[in-house]
Amino acid sequence: QYQCFECRRNIAALPRAGASEARLCDYNGSFYCDNCHWNDTSVIPARIVHNWDFTPYKICRHSLQVVSMVTAHASLNIQETNPMLFSYVTELAEMRKLREEILVMKKYFVSCRNALDSRLLNLLQDRQHFKESSELYSLKDLIDLSAGQLIREIS
């Protein structure tokens with residue numbers, strides 16, 4: 001007998017009396033009952049960082065909450081995790097270059113009167129981490145980059 005990873009309810013490959021259908025969470029690889037896994041879909045951060053795969057996969061409710069909570073948090077260091085990705089994904093390499101340029105120009109943004117008057121740094125209000133480092137990305141950054149929105153927004 002198998003049990004749901006979260007609530008320990010009995011589960012089976014095929015639904016039967018006393019057991020719910022087992023549902024795989026592609027985020028953590030565990031099986032869940034239909035109360036804990038509603039067939040919600042989401043991108044998987046590890047698949048993005050390792051394979052540049054933005055396919056939505058079925059994940060359990062708890063994993064959906066985790067992904068939702070970390071979506072805007074800049075915690076993905078691609079240079080450390082998968083540096084070869086910059087060689088294969090031209091948009092990612094271009095974004096890294098833009099972010100490095102932002103950091104170089106940051107001194108200008110905070111000291112030049114014209115830059116202060118035009119509030120150039122405020123354009124990065126939703127992506128504060130761009131002003132601090134060129135290495136950390138949020139899941140939202142990568143999703144927007146893949147959709148072609150991020151480079152338009154920054155340049």
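User: Let's start at the N terminus. Is Gln1 exposed or buried?

Analyst: Happy to begin there, and please keep in mind that this is a predicted model. Relative accessibility is the quantity to read, and a residue over 50% counts as exposed. Gln1 comes out at 74%, so Gln1 is exposed. Gln1 is found in the segment before strand 1, which covers residues 2-3.

User: Where does Gln1 sit in space with respect to Ala19?

Analyst: Here you can set a distance in sequence beside a distance in space. Gln1 and Ala19 are 18 residues apart along the chain, while their C-alpha atoms are 9.1 Å apart.

User: Moving on to strand 1, how do I read the sheet, and what is its strand order?

Analyst: Look at the order of the strands and then at who pairs with whom. This sheet is open, has 3 strands in the order 1-2-3, and shows mixed pairing. Strand 1 and strand 3 (20-21) each have a single partner strand, so they are the edges, and one side of each lacks a neighbour in the sheet.

User: In which sense do strand 1 and strand 2 pair?

Analyst: They run antiparallel, with 2 bridges between strand 1 and strand 2 (residues 10-12). To find the register, look for Gln3, which stands opposite Asn10 in strand 2.

User: Now the charged side chains. How many salt bridges does the structure hold?

Analyst: The general idea is that side chains of opposite charge can pair when their charged atoms come close. In this model there are 9 salt bridges. One of them joins the side chains of Glu21 and Arg23, with an N to O distance of 3.8 Å. Glu21 is partly exposed at 33% relative accessibility, whereas Arg23 is buried at 17%.

User: What separates Glu101 and Lys97 along helix 5?

Analyst: About one helical turn, because they are 4 residues apart in helix 5 (residues 90-111). Their side chains meet in a salt bridge at 3.4 Å, N to O. Check the accessibility of each partner too: Glu101 is partly exposed at 35%, and Lys97 is exposed at 53%.

User: And helix 7: which residue does Lys140 meet in a salt bridge?

Analyst: The partner is Asp144, at 2.8 Å from N to O. Lys140 and Asp144 are also separated by about one helical turn, being 4 residues apart in helix 7 (residues 139-146). Asp144 is buried, with a relative accessibility of 9%, and Lys140 is partly exposed at 37%. Salt bridges with shared partners link Arg127, Lys140, Asp141, Asp144 and Glu153 into one network.

User: Let's finish inside. Which residues touch the most other members of the largest nonpolar core?

Analyst: When reading a core, look for its best-connected members, then ask which elements supply residues. The largest nonpolar core here has 32 residues, and Trp52, Leu92, Met95 and Leu142 touch the most other members. Elements that each supply at least two residues include helix 1 (45-51), strand 7 (57-59), helix 4 (85-88) and helix 8 (150-154). Helix 5 gives the most, with 4 residues.

User: Which residues does Leu142 touch?

Analyst: Leaving aside residues up to four places away in sequence, Leu142 touches Ile48, Val49, Trp52, Phe54, Leu76, Ile78, Leu92 and Tyr137. Try selecting Leu142 in the viewer: among its contacts you will find Trp52 and Leu92, which are also listed with Leu142 as touching the most other core members.

Key: Residues numbered from 1 in each chain as written. Predicted model: local features only at pLDDT ≥ 70, side-chain atom pairs only at ≥ 80, totals over all residues. Heavy atoms only, no water. Buried < 20%, exposed > 50% of the residue type's maximum accessible area, 1.4 Å probe, protein only. Salt bridge = Lys/Arg side-chain N within 4 Å of Asp/Glu carboxyl O. Pairing = 2+ DSSP bridges. Core = buried A, V, L, I, M, F, W, Y, C linked by side-chain atoms within 4.5 Å. Contact = heavy atoms within 4.5 Å.
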